[in-house]
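This report walks through one structure, beginning with its charged pairs and ending with its overall dimensions. Keep the sequence and the model side by side while reading.

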Amino acid sequence: MMRLDKFLSEASSYSRKDVRGLVKRSAVSVNGSPAKTPDMKVDETADTVSVNGETIRYRKFIYLMLNKPQGYLSATEDDHDPVVVDLVPEDLKHFAPFPVGRLDKDTEGLLLLTNDGKFDHELMSPRKNLYKRYYAELDAPAVPEDIDSFAAGMEFKEFTAKPARLEIDPADPKKVYVEIAEGKFHQVKRMCERVGKNVLFLKRVAIGELQLDETLPCGSVRELTAEELALFGW
Ligand code: URA
């Protein structure tokens with residue numbers, strides 16, 4: 001059980017002060033009856049709370065899928081560039097989501113955002129060994145030996161890239177898929193450079209079992225479904 005004003009200030013963009021005004025105007029109802037006071041107790045798992053007829057589902061955490069466009073930083077704020085949280089719909093901004101990991105400014109595709117620190121920690125943990133799959137377009141055709149170079153892992157100045165998978169599009173060997181378990185700074189680009197190719201376009205298409213929803217337009221955000229969250233054991 002929790003106070004009605006706490007319920008609404010956590011689950012919606014209404015502040016506790018807003019809730020006082022809304023209750024006064026009989027705009028809030030609990031199980032179909034107008035709420036009398038903002039401090040009345042509601043059961044967040046069982047009661048139906050509505051504001052102006054719209055039901056508000058209680059949750060403290062949100063888990064979002066973004067189809068990231070180029071030009072956005074994987075950050076919550078920046079003085080110069082647009083950031084991915086700018087793309088979060090207004091009615092979800094009060095949850096204060098942040099990106100789980102990072103994609104480069106010029107990389108597109110699947111980026112998760114959440115306000116659940118434990119979820120972030122779990123996904124970023126090296127122990128989880130979560131593979132990320134990228135689609136890349138190169139400036140020169142990949143060759144079968146490149147597959148072996150990726151599979152052997154690679155030494156870089158500040159880290160050793162674990163064995164990675166490279167798949168070459170047989171119809172156009174400048175198009176490849178890369179799967180890496182880590183996500184070190186510019187890792188895919190650097191691994192491709194190591195075999196003599198520059199990445200011209202990069203898009204993340206999957207994190208573990210979770211695929212980028214290809215029906216989600218570039219720049220759009222949607223909540224993860226319960227089934228998608230379950231892919232991460234959440
Ligand atoms: N590897 C890169 O080089 N860039 C990204 O954005 C992600 C992985």
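K189 and D104 form a salt bridge, with 2.8 Å between the closest N and O atoms. The model is a predicted one. This pair links distant parts of the chain. K189 sits in helix α6, residues 187-194. D104 sits in the loop between β8 (98-99) and β9 (108-114). The two residues are 85 residues apart.

Are these two partners buried or exposed? K189 has 13% relative accessibility, so it counts as buried. D104 has 17% relative accessibility and therefore counts as buried too. The cut-off behind both calls is a relative accessible area under 20%.

**Other salt bridges**

Helix α6 also supplies R190, whose side chain meets that of E158 in a salt bridge of 2.9 Å, N to O. E158 lies in the loop between β11 (154-155) and β12 (160-161), and R190 in helix α6, so this bridge ties together parts that are 32 residues apart in sequence. E158 is exposed, at a relative accessible area of 54%.

Another bridge joins two strands. The side chains of R165 and E179 meet at 3.9 Å, N to O. R165 belongs to strand β13 (residues 165-168) and E179 to strand β14 (residues 175-180), so the pair ties together parts 14 residues apart in sequence. What is the accessibility of each partner? R165 is partly exposed, at 47% relative accessibility. E179 is buried, at 17%.

R165 and E179 also take part in a network of salt bridges. The network links them with R133 and E167. In total, the structure holds 18 salt bridges.

The three pairs described above are listed here.

| Pair | N to O distance |
|---|---|
| K189 and D104 | 2.8 Å |
| E158 and R190 | 2.9 Å |
| R165 and E179 | 3.9 Å |

**Charge balance**

The protein carries 34 positive and 40 negative charges. How far apart are the mean positions of the two sets? They are 5 Å apart.

**Helix α1**

Helix α1 spans residues 4-11 and is mostly covered. Six of its eight residues are buried. Those buried residues are L4, D5, F7, L8, E10 and A11. Charged residues are on that list, namely D5 and E10.

Which elements do the buried residues of α1 pack against? One is a helix, α2 (16-24). The others are strands: β1 (2-3), β2 (28-30), β4 (41-42), β5 (49-51) and β6 (54-56).

**Positive phi angles**

N31 is not a glycine, but its phi is positive, at about 50°. N31 lies in the loop between β2 and β3 (33-34). At 46% relative accessibility, N31 counts as partly exposed.

A96 also has a positive phi, near 55°, in a residue other than glycine. A96 is placed in the loop between α3 (90-93) and β8.

**T160 and its surroundings**

T160 is in strand β12. Its relative accessible area is 45%, so T160 is partly exposed. Which residues does T160 touch, leaving out those up to four places away in sequence? They are M154, E155 and E182.

E108 is a useful reference point for the position of T160. The two are 52 residues apart in sequence. In space, they are 25 Å apart, C-alpha to C-alpha.

**The whole protein**

The secondary structure comes to seven helices and 17 strands. The radius of gyration is 22 Å, well over the 17 Å that the globule rule gives for 234 residues, so the protein is more spread out than a compact globule. Along its principal axes, the C-alpha trace spans about 70 × 35 × 35 Å.

What share of the residues is buried? Buried residues make up 46% of the 234. The exposed surface is about 12400 Å². Carbon and sulfur atoms supply 50% of that area.

Sequence separation of contacts rounds off the picture. Among contacts with a separation of 6 or more, 65% join residues 24 or more positions apart. The bridge between K189 and D104, 85 residues apart, also links distant parts of the chain.

Methods: Residues are numbered from 1 along each chain as its sequence is written. This is a predicted model: local features need pLDDT of at least 70, side-chain atom pairs count only at pLDDT 80 or more; totals for chains, interfaces and linings use all residues. Side-chain values use heavy atoms; hydrogens and water are left out. Helices (H or I, at least four residues) and strands (E, at least two) are DSSP runs, numbered from the N terminus. The radius of gyration is taken over C-alpha atoms; the globule rule is 2.2 Å times the number of residues to the power 0.38. Buried means under 20% relative accessible area, exposed over 50%, partly exposed in between (1.4 Å probe, protein chains only). Contact means heavy atoms within 4.5 Å. Accessible areas come from the Shrake-Rupley method with a 1.4 Å probe; for residues, only the protein chains shown count as cover. Lys and Arg count as positive and Asp and Glu as negative; His and the chain ends are not counted. The place of a charge is taken as NZ of Lys, CZ of Arg, CG of Asp or CD of Glu. A salt bridge is a side-chain nitrogen of Lys or Arg within 4 Å of a carboxyl oxygen of Asp or Glu.
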